[in-house]
Amino acid sequence: MVLMKHVMSSQQLSLLSYANTCILMASSSVYRRQQFLIRSLGGGIDHSRNMQQDLRSVEVDAESVIRSITPALDLTRHKGQAGKIAVIGGCREYTGAPYFAAISALKIGADLSHVFCTKDAAPVIKSYSPELIVHPVLEESYSVREEDKKIISSKVLAEVDKWMERFDCLVIGPGLGRDPFLLDCVSEIMRHARQTNVPIVIDGDGLFLVTNNIDLVSGYALAVLTPNVNEYKRLVEKVLSSEVNDLDATQQVLSLAKKIGGVTILKKGKSDLISDGDTVKSVSIYGSPRRCGGQGDILSGSVAVFLSWARQHIKAADSNSNLSCENPAVLGCIAGSAMMRKAASVAFSHKKRSTVTGDIIECLGKSLEDICPAT
């Protein structure tokens, strides 16, 4: 009888070695902690990097992310530690959007919320709530003479700049409008935010500004763009020189984020797609069929808070932390998306067709408490 010898290939030996390693590691606490984050973010180890395969978004365990990055409440904390957010926006025509973004940040749990707006918008925004700190420092073209624009622009920047280092995140765009002089001033504010390493969440007319000036955010890992359908279409056309491809949405949002240099994009839709150019995550839990205006402003304020909390958590975490190596912008988007969707769902369950933005804002606190109880 002839005995046939089975010779194992180098690839088979590697797989066997990997399997043995996994068996030895499975009982260790380090391994369990690593696997917790992998499960929360829907990821896994890729053993086929050299193989061609379709890219698919990964539905994340958003509630686990929220529980991981939301800071505990205790009596030793002081004002400001839970977040200081600033909204850059608000003009004659639009006063609701900056209010929605700023008050949402407070309702999520930030300690302080500022609004930098035009002088015309300030009294109106102040009247909505005494909780907000309103700075009437922005100017529009109609109120500035041509020969004074350089001086006024410098004054605007100086007023914002003296506060800059205090902020954990800026929200750029809600109710900003498209006045050329105002947009030029905000461009300078964004450049200074980058220089001081302050995260920026960009929505509304801020996206109009960025789409026409990609260099403002290109290569800045702490920038988040939150486009709706039309805003996303303009970004794709500008950056990728192509049409929106809904059949390959995951690959396209990944390519877009990568092309802009690693910014994080939260593409709003039936399922929110989130990408920083390296990975794509999906959040589709909860949600509401009611599409009243202002929900994007709630989202931008929510993302700003969770992004700042994620940064704090990662900075304070030790080497064994489940989140120590994650992108805080991605984590902030995951948490903000899920929180907005849950609050909208709760509000709709009570108000149905009459649901408006204020109803959703009032459900933010309860929604966070359901997921991550303060006690």
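This report describes the aromatic rings of a predicted model and the charged side chains that sit over some of them.

**Aromatic pairs**

The structure contains five aromatic pairs. Two of them are set out below.

| Pair | Centre to centre | Angle between planes | Type |
|---|---|---|---|
| Y99 and F100 | 5.8 Å | 55° | tilted |
| F116 and F167 | 5.9 Å | 80° | edge-to-face |

The type follows from the angle between the ring planes. F116 and F167 have planes at 80°, and a pair counts as edge-to-face over 60 degrees, so this pair is edge-to-face.

The pair of F116 and F167 links distant parts of the chain, with the two positions 51 residues apart in numbering. F116 belongs to strand β3, which covers residues 112-118. F167 lies in the loop between α6 (149-164) and β5 (169-172). Both rings come from buried residues: F116 has a relative accessible area of 1%, and F167 has 5%.

Y99, from the tilted pair, is also buried, because its relative accessible area of 19% is under the 20% limit. Together with F100 and Y128, Y99 forms one aromatic cluster.

**Charges over rings**

Which residue lies over the face of Y142? R92 does, at 4.0 Å from the ring centre. A second arginine is placed over a tryptophan: the charged end of R166 sits over the ring of W163, at 4.3 Å from the centre of that ring.

Methods:
Residues numbered from 1 in each chain as written. Predicted model: local features only at pLDDT ≥ 70, side-chain atom pairs only at ≥ 80, totals over all residues. Heavy atoms only, no water. Phe/Tyr/Trp six-rings, centres within 6.5 Å; stacked < 30°, edge-to-face > 60°. Buried < 20%, exposed > 50% of the residue type's maximum accessible area, 1.4 Å probe, protein only. Helix = DSSP H or I, 4+ residues; strand = E, 2+ residues; numbered from the N terminus. Lys NZ or Arg CZ within 6 Å of the ring centre and 35° of its normal.
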